[in-house]
Amino acid sequence: MTTDSLAALRDSYLSAQLAGNRREALRLLVDEGVLRGIPIPSLHLDVIQPAQQEIGRLWQENHISVAQEHLATAISQLALSHLYRHLPRDPANGRTVLLSCVEGELHELGARMASDFLEMAGFDVRFLGANVPTEHLVREARESKPDLLALSVTMSYHVPALRKAVAAVREVAPGLPIAVGGLAFTWAPGLEAELGVPFFGKDARALVAAACKMFEV
(Lines give C-alpha, C1' and ligand atoms only; values in the text may rest on other atoms or scores of the structure.)
Protein backbone atom coordinates (compact mmCIF):
# COMPACT_ATOMS: atom_id res chain seq x y z
CA MET A 1 0.00 0.00 0.00
CA THR A 2 1.28 3.47 -0.89
CA THR A 3 1.95 6.26 1.58
CA ASP A 4 -1.09 8.12 0.29
CA SER A 5 -3.29 5.06 0.75
CA LEU A 6 -2.07 4.62 4.32
CA ALA A 7 -2.76 8.28 5.00
CA ALA A 8 -6.29 7.87 3.62
CA LEU A 9 -6.84 4.82 5.84
CA ARG A 10 -5.57 6.77 8.84
CA ASP A 11 -7.93 9.66 8.10
CA SER A 12 -10.90 7.32 7.71
CA TYR A 13 -10.00 5.59 10.97
CA LEU A 14 -9.74 8.96 12.72
CA SER A 15 -13.15 9.95 11.38
CA ALA A 16 -14.62 6.72 12.74
CA GLN A 17 -13.04 7.47 16.13
CA LEU A 18 -14.47 10.98 16.22
CA ALA A 19 -17.89 9.62 15.29
CA GLY A 20 -17.63 6.99 18.03
CA ASN A 21 -18.18 4.27 15.45
CA ARG A 22 -16.41 1.18 16.77
CA ARG A 23 -17.77 -1.12 14.08
CA GLU A 24 -16.51 1.08 11.24
CA ALA A 25 -13.12 1.55 12.89
CA LEU A 26 -12.63 -2.21 13.13
CA ARG A 27 -13.94 -2.76 9.60
CA LEU A 28 -11.35 -0.33 8.27
CA LEU A 29 -8.48 -2.01 10.07
CA VAL A 30 -9.51 -5.53 9.09
CA ASP A 31 -11.10 -5.19 5.64
CA GLU A 32 -8.95 -2.31 4.38
CA GLY A 33 -5.89 -3.27 6.39
CA VAL A 34 -5.27 -6.89 7.40
CA LEU A 35 -7.17 -8.45 4.50
CA ARG A 36 -5.36 -6.23 2.00
CA GLY A 37 -1.99 -7.35 3.30
CA ILE A 38 -0.96 -4.29 5.30
CA PRO A 39 1.53 -5.48 7.94
CA ILE A 40 0.29 -5.29 11.53
CA PRO A 41 3.22 -3.06 12.58
CA SER A 42 2.21 -0.57 9.89
CA LEU A 43 -1.39 -0.56 11.10
CA HIS A 44 -0.07 0.19 14.59
CA LEU A 45 2.40 2.92 13.72
CA ASP A 46 1.00 4.42 10.51
CA VAL A 47 -2.72 4.32 11.26
CA ILE A 48 -3.66 3.88 14.93
CA GLN A 49 -0.79 5.80 16.53
CA PRO A 50 -0.95 8.97 14.38
CA ALA A 51 -4.75 9.00 14.62
CA GLN A 52 -4.50 8.73 18.38
CA GLN A 53 -1.92 11.52 18.48
CA GLU A 54 -4.33 13.72 16.54
CA ILE A 55 -7.04 12.88 19.06
CA GLY A 56 -4.67 14.03 21.81
CA ARG A 57 -3.96 17.27 19.98
CA LEU A 58 -7.65 17.98 19.46
CA TRP A 59 -8.28 17.39 23.16
CA GLN A 60 -5.38 19.58 24.29
CA GLU A 61 -6.63 22.41 22.09
CA ASN A 62 -10.20 22.00 23.40
CA HIS A 63 -11.63 21.00 20.03
CA ILE A 64 -13.07 17.82 21.55
CA SER A 65 -14.24 17.04 25.08
CA VAL A 66 -12.73 14.64 27.59
CA ALA A 67 -15.63 12.29 26.90
CA GLN A 68 -14.88 12.33 23.16
CA GLU A 69 -11.19 11.69 23.82
CA HIS A 70 -12.06 8.74 26.06
CA LEU A 71 -14.46 7.37 23.45
CA ALA A 72 -11.82 7.60 20.71
CA THR A 73 -9.17 6.03 22.92
CA ALA A 74 -11.50 3.18 23.85
CA ILE A 75 -11.89 2.47 20.14
CA SER A 76 -8.11 2.24 19.73
CA GLN A 77 -7.89 -0.06 22.75
CA LEU A 78 -10.51 -2.29 21.15
CA ALA A 79 -8.64 -2.16 17.85
CA LEU A 80 -5.39 -3.30 19.44
CA SER A 81 -7.20 -6.14 21.21
CA HIS A 82 -8.72 -7.23 17.91
CA LEU A 83 -5.42 -7.06 16.04
CA TYR A 84 -3.57 -8.95 18.79
CA ARG A 85 -4.66 -12.33 17.45
CA HIS A 86 -3.23 -11.43 14.06
CA LEU A 87 0.25 -10.58 15.36
CA PRO A 88 3.08 -12.32 13.50
CA ARG A 89 5.49 -13.73 16.06
CA ASP A 90 9.16 -14.62 15.82
CA PRO A 91 10.29 -17.73 17.70
CA ALA A 92 10.59 -17.22 21.45
CA ASN A 93 14.02 -15.83 22.34
CA GLY A 94 13.92 -16.78 26.01
CA ARG A 95 13.91 -13.20 27.31
CA THR A 96 11.19 -11.67 29.50
CA VAL A 97 10.25 -7.99 29.52
CA LEU A 98 8.21 -6.41 32.31
CA LEU A 99 6.43 -3.38 30.85
CA SER A 100 4.45 -0.86 32.86
CA CYS A 101 3.15 2.69 32.98
CA VAL A 102 4.41 4.62 36.00
CA GLU A 103 2.26 5.48 38.98
CA GLY A 104 -0.47 7.97 38.06
CA GLU A 105 -0.02 7.51 34.31
CA LEU A 106 -3.38 6.56 32.79
CA HIS A 107 -2.34 6.66 29.13
CA GLU A 108 -1.37 3.09 28.30
CA LEU A 109 -1.96 2.88 24.56
CA GLY A 110 1.67 3.52 23.60
CA ALA A 111 2.90 1.03 26.17
CA ARG A 112 0.44 -1.54 24.93
CA MET A 113 1.71 -1.08 21.38
CA ALA A 114 5.26 -1.52 22.65
CA SER A 115 4.28 -4.76 24.37
CA ASP A 116 2.80 -6.07 21.11
CA PHE A 117 5.96 -5.15 19.18
CA LEU A 118 8.15 -6.89 21.77
CA GLU A 119 5.98 -9.98 21.56
CA MET A 120 6.22 -9.99 17.76
CA ALA A 121 10.01 -9.99 18.18
CA GLY A 122 9.91 -13.13 20.32
CA PHE A 123 10.00 -11.64 23.81
CA ASP A 124 7.81 -12.93 26.63
CA VAL A 125 6.00 -9.79 27.81
CA ARG A 126 4.39 -9.15 31.18
CA PHE A 127 2.32 -6.02 30.57
CA LEU A 128 1.05 -4.39 33.75
CA GLY A 129 -0.93 -1.58 32.12
CA ALA A 130 -1.71 1.89 33.44
CA ASN A 131 -1.08 3.54 36.81
CA VAL A 132 0.96 0.89 38.60
CA PRO A 133 1.92 1.99 42.12
CA THR A 134 5.68 2.07 42.54
CA GLU A 135 5.69 -0.33 45.48
CA HIS A 136 3.78 -2.93 43.45
CA LEU A 137 6.03 -2.42 40.44
CA VAL A 138 9.05 -3.03 42.65
CA ARG A 139 7.49 -6.16 44.10
CA GLU A 140 6.71 -7.54 40.65
CA ALA A 141 10.23 -6.79 39.42
CA ARG A 142 11.70 -8.54 42.43
CA GLU A 143 9.45 -11.60 42.22
CA SER A 144 9.21 -12.17 38.46
CA LYS A 145 12.91 -11.43 37.77
CA PRO A 146 12.53 -10.12 34.20
CA ASP A 147 15.48 -9.61 31.86
CA LEU A 148 14.36 -6.05 31.12
CA LEU A 149 12.05 -3.49 32.72
CA ALA A 150 10.39 -0.99 30.36
CA LEU A 151 8.61 2.03 31.83
CA SER A 152 6.24 4.34 29.98
CA VAL A 153 5.29 7.95 30.77
CA THR A 154 3.06 10.08 28.55
CA MET A 155 2.26 13.21 30.54
CA SER A 156 5.20 15.37 31.60
CA TYR A 157 3.84 15.85 35.12
CA HIS A 158 4.39 12.13 35.74
CA VAL A 159 8.16 12.42 35.20
CA PRO A 160 8.74 12.60 39.00
CA ALA A 161 6.94 9.25 39.29
CA LEU A 162 9.30 7.86 36.64
CA ARG A 163 12.33 9.04 38.61
CA LYS A 164 10.88 7.48 41.76
CA ALA A 165 10.20 4.17 40.00
CA VAL A 166 13.68 3.92 38.50
CA ALA A 167 15.32 4.66 41.86
CA ALA A 168 13.10 2.21 43.76
CA VAL A 169 13.67 -0.65 41.31
CA ARG A 170 17.42 -0.10 41.40
CA GLU A 171 17.40 -0.56 45.16
CA VAL A 172 16.04 -4.11 44.88
CA ALA A 173 17.38 -5.09 41.45
CA PRO A 174 20.52 -3.05 40.75
CA GLY A 175 21.53 -5.21 37.80
CA LEU A 176 18.18 -5.07 35.99
CA PRO A 177 18.38 -3.15 32.67
CA ILE A 178 15.74 -0.43 32.44
CA ALA A 179 14.25 1.04 29.27
CA VAL A 180 12.10 4.16 29.35
CA GLY A 181 9.91 5.83 26.77
CA GLY A 182 6.77 7.77 26.04
CA LEU A 183 5.54 11.11 24.83
CA ALA A 184 6.78 12.90 27.96
CA PHE A 185 10.34 12.66 26.62
CA THR A 186 9.35 15.13 23.92
CA TRP A 187 9.09 17.78 26.62
CA ALA A 188 11.96 16.54 28.74
CA PRO A 189 14.98 16.13 26.42
CA GLY A 190 17.95 14.50 28.07
CA LEU A 191 15.83 12.78 30.70
CA GLU A 192 17.12 9.35 29.72
CA ALA A 193 20.71 10.52 30.29
CA GLU A 194 19.75 11.98 33.67
CA LEU A 195 18.20 8.65 34.68
CA GLY A 196 21.24 6.74 33.44
CA VAL A 197 19.17 4.06 31.71
CA PRO A 198 20.81 1.75 29.14
CA PHE A 199 18.46 2.98 26.42
CA PHE A 200 15.11 4.57 25.78
CA GLY A 201 12.64 3.99 22.99
CA LYS A 202 11.32 6.89 20.94
CA ASP A 203 8.70 4.50 19.59
CA ALA A 204 7.87 0.81 19.66
CA ARG A 205 10.23 -0.07 16.81
CA ALA A 206 13.14 1.72 18.47
CA LEU A 207 12.51 -0.06 21.76
CA VAL A 208 12.46 -3.47 20.10
CA ALA A 209 15.60 -2.74 18.09
CA ALA A 210 17.45 -1.66 21.22
CA ALA A 211 16.26 -4.69 23.20
CA CYS A 212 17.28 -7.10 20.44
CA LYS A 213 20.69 -5.45 20.23
CA MET A 214 21.19 -5.61 23.99
CA PHE A 215 20.35 -9.32 24.18
CA GLU A 216 21.83 -10.18 20.75
CA VAL A 217 18.65 -11.83 19.56
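**Sheet and largest pocket**

Mentor: This predicted model holds an open sheet of five strands in the order 2-1-3-4-5, with parallel pairing.

Trainee: Which strands stand at the edges?

Mentor: The edge positions belong to strand 2 (124-127) and strand 5. Each has a single partner strand, so one side of each is left without a neighbour in the sheet.

Trainee: And what does the twist average from one strand to the next?

Mentor: The twist averages 25°.

Trainee: How do strands pair in general?

Mentor: Strands of a sheet pair through backbone hydrogen bonds, in either a parallel or an antiparallel manner.

Trainee: How many bridges join strand 1 to strand 3?

Mentor: Strand 1 (residues 96-101) and strand 3 run parallel and are joined by five bridges.

Trainee: Which residue of strand 3 does L98 stand opposite?

Mentor: L98 stands opposite L149 in strand 3.

Trainee: Changing topic, what volume does the largest pocket have?

Mentor: Its volume is about 1200 Å³. The lining of the largest pocket comprises 47 residues, and H107, L109, G110, T154 and L183 lie nearest the centre.

Trainee: Which element gives the most to that lining?

Mentor: Helix 3 does, with seven residues.

Trainee: Which strands each supply at least two residues?

Mentor: Strand 3 (148-152), strand 4 (178-181) and strand 5 (199-201) each do so. The helices that supply at least two residues each are helix 3 (40-60), helix 4 (66-84), helix 5 (109-120) and helix 9 (204-215).

Trainee: How do the lining residues divide into nonpolar, polar and charged?

Mentor: In the lining of the largest pocket, 21 residues are nonpolar, 19 are polar and seven are charged.

Definitions and conventions. Residues numbered from 1 in each chain as written. Predicted model: local features only at pLDDT ≥ 70, side-chain atom pairs only at ≥ 80, totals over all residues. Heavy atoms only, no water. 1 Å grid on protein atoms, 1.4 Å probe; cavity = no way out; pocket = protein on both sides within 12 Å on 5 of 7 lines; lining within 4 Å. Points joined across faces, edges and corners; volume = space filled by probe spheres on them. Helix = DSSP H or I, 4+ residues; strand = E, 2+ residues; numbered from the N terminus. Nonpolar A, V, L, I, M, F, W, Y, C, P; charged D, E, K, R; others polar. Pairing = 2+ DSSP bridges. Axes fitted to C-alpha atoms, helices over the stretch in contact; angles between N-to-C directions.
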